[in-house]
Amino acid sequence: MEIIEKLTNKVIYTLSQKPENKTPENIRKLIEFESNNPFDSIKLTHEEIESIAKQVEHQFGLTMEEGTLIVDDENFEPWLHIKKSNVDFEPYFWNRYEKLLLQRGFAPPVVSSIDNVTDKVVGRLEDPDKKGQWYRRGMVVGYVQSGKTANFIGVINKASDAGYKLIIILAGMQESLRSQTQERVDEGYIGQDSSKKNNVSTHDTLLGVGHINSERIPLTFTDKHNDFKNTQNFQVQQYNNATVLVVKKNTSILARLRDWLKKNNSNSDGNISNLPLLMIDDEADHASVNTNNPDKDPT
């Protein structure tokens, strides 16, 4: 829309004259002020304001806000910094993703912020090498168009470096959204077009991080055209790298996934152990299970 482009350029010009005002809060206030100009008045939605703000921030190479960490588990033992200090630790997946972000035009301060934020998130997961049964969960909140996908792909790259073996991404209920998420995962994590993964020796299948380094390629049983299907007798632990699945919140698909895990990746007692799993619900506000009484305290 021409008027939005005009508004964006006006905001960029104003901020270039007053560098001290280039804070996220001031940028959004300026956008709202300019949109209410009596000569060019335009009613903007919250999403449109955020979209303009991100364009302005990108123009000036501003640092992404790192947010606030809220925890209620004082007994949790930090582990990531210890693992990263090990001489044998190699951040293979994160290194190539970091290079991709810089190649794609992310400002260095923003990439540094993503690095710090994803360290915080992964550091609050459990150590995948911890013995016995364990269970951790948490929530990350971000604005629309605030780089959530770039951040969670950073998380799965670092989780793989740390030792997580199975990564399941719940990508909403619509196939179009699942396919779009799969494409982002292919580019930023797998490094190969998942729809052509059977042609593993063909250089033409590589994309994104795969062009930076293709020595190690995560495995996937989903692609941009197909949700999870029967994978026969594959055992996740037998594969050196992680296995990643991008699936819809669909009863039959989730049941198929559960049955596959029980059949091929469980002990004789039916329990799935020695398989560190990271599950990311990319649409946590849509079709998630309500585990509490909805009349008293809905989740």
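Which residue of β4 does Leu170 stand opposite? It is Asp281, and the close-ups below work outwards from that pairing. This is a predicted model, in which local features need pLDDT of at least 70, side-chain atom pairs count only at pLDDT 80 or more, and totals for chains, interfaces and linings use all residues. Residues are numbered from 1 along each chain as its sequence is written, and side-chain values use heavy atoms, with hydrogens and water left out.

**View 1. The whole protein has 10 helices and 4 strands.** Helices (DSSP runs of H or I, at least four residues) and strands (runs of E, at least two) are numbered from the N terminus. Going along the sequence, the pattern reads α-α-α-α-α-α-α-β-α-α-β-β-α-β. Of the 299 residues, 40% count as buried; buried means under 20% relative accessible area, exposed over 50%, and partly exposed in between, with a 1.4 Å probe and protein chains only. Take the contacts (heavy atoms within 4.5 Å) between residues at least 6 apart in sequence: 73% of them join residues at least 24 apart.

**View 2. The open sheet runs β2-β3-β1-β4, with parallel pairing.** Two strands pair here if DSSP finds at least two bridges between them. The edges belong to β2 (219–220) and β4 (277–281), each with a single partner strand, so one side of each has no neighbour in the sheet. As for the pairs, β2 and β3 (residues 243–247) share 2 bridges, with Thr220 partnering Val244. β1 and β3 are joined by 5 bridges, and Ile168 has Leu245 as its bridge partner in β3. Another 5 bridges link β1 to β4.

**View 3. β3 is largely enclosed by the rest of the structure, since 5 of its 5 residues are buried.** Thr243, Leu245 and Val247 point one way from the strand, Val244 and Val246 point the other way, and all are buried. Over at the sheet edge, β4 has a covered face made of Leu278 and Ile280. Its uncovered face carries Leu277, Met279 and Asp281.

**View 4. Helices α7 and α10 pack on the sheet.** α7 touches β1 (166–170) and β4, and its direction makes about 175° with that of β4. α10 (residues 251–264) touches β1 and β3, and its direction makes about 160° with that of β3. For these angles, axes are lines fitted to C-alpha atoms (for helices, over the stretch in contact), and values run from 0 to 180 degrees between N-to-C directions.

**View 5. Helix α5 (residues 92–103) meets helix α7 (residues 148–162), their axes coming within 7 Å.** The crossing angle is roughly 150°, and α5 and α7 are therefore roughly antiparallel to each other. On this scale, angles under 35 degrees are roughly parallel, over 145 roughly antiparallel, 65 to 115 roughly perpendicular, and the rest oblique. From α5 come Tyr92, Phe93, Trp94 and Tyr97; from α7 come Ala150, Ile153, Gly154, Asn157, Lys158, Ser160 and Asp161. Sorted by type, that gives 6 nonpolar, 3 polar and 2 charged residues. Here Ala, Val, Leu, Ile, Met, Phe, Trp, Tyr, Cys and Pro count as nonpolar, Asp, Glu, Lys and Arg as charged, and the others, Gly among them, as polar.

**View 6. Ser160 of helix α7 is a buried residue, with a relative accessible area of 9%.** Leaving aside its neighbours within four places in sequence, Ser160 is in contact with Phe93, Ile167, Tyr189 and Ala242.

**View 7. Thr205 sits in the loop between α8 (175–190) and α9 (209–212).** Loop or not, Thr205 is buried, at a relative accessible area of 3%. Its side chain makes a polar contact with the side chain of Gln192, at 3.1 Å. A polar contact is a pair of N or O atoms within 3.5 Å; within protein, one must be able to donate a hydrogen and the other to accept it, and residues adjacent in sequence count only if both atoms are side-chain atoms.

**View 8. Ala284 lies in the segment after β4.** Ala284 is partly exposed, with a relative accessible area of 45%. Ala284 and Ala171 are 113 residues apart in sequence, while their C-alpha atoms are 9.2 Å apart in space.
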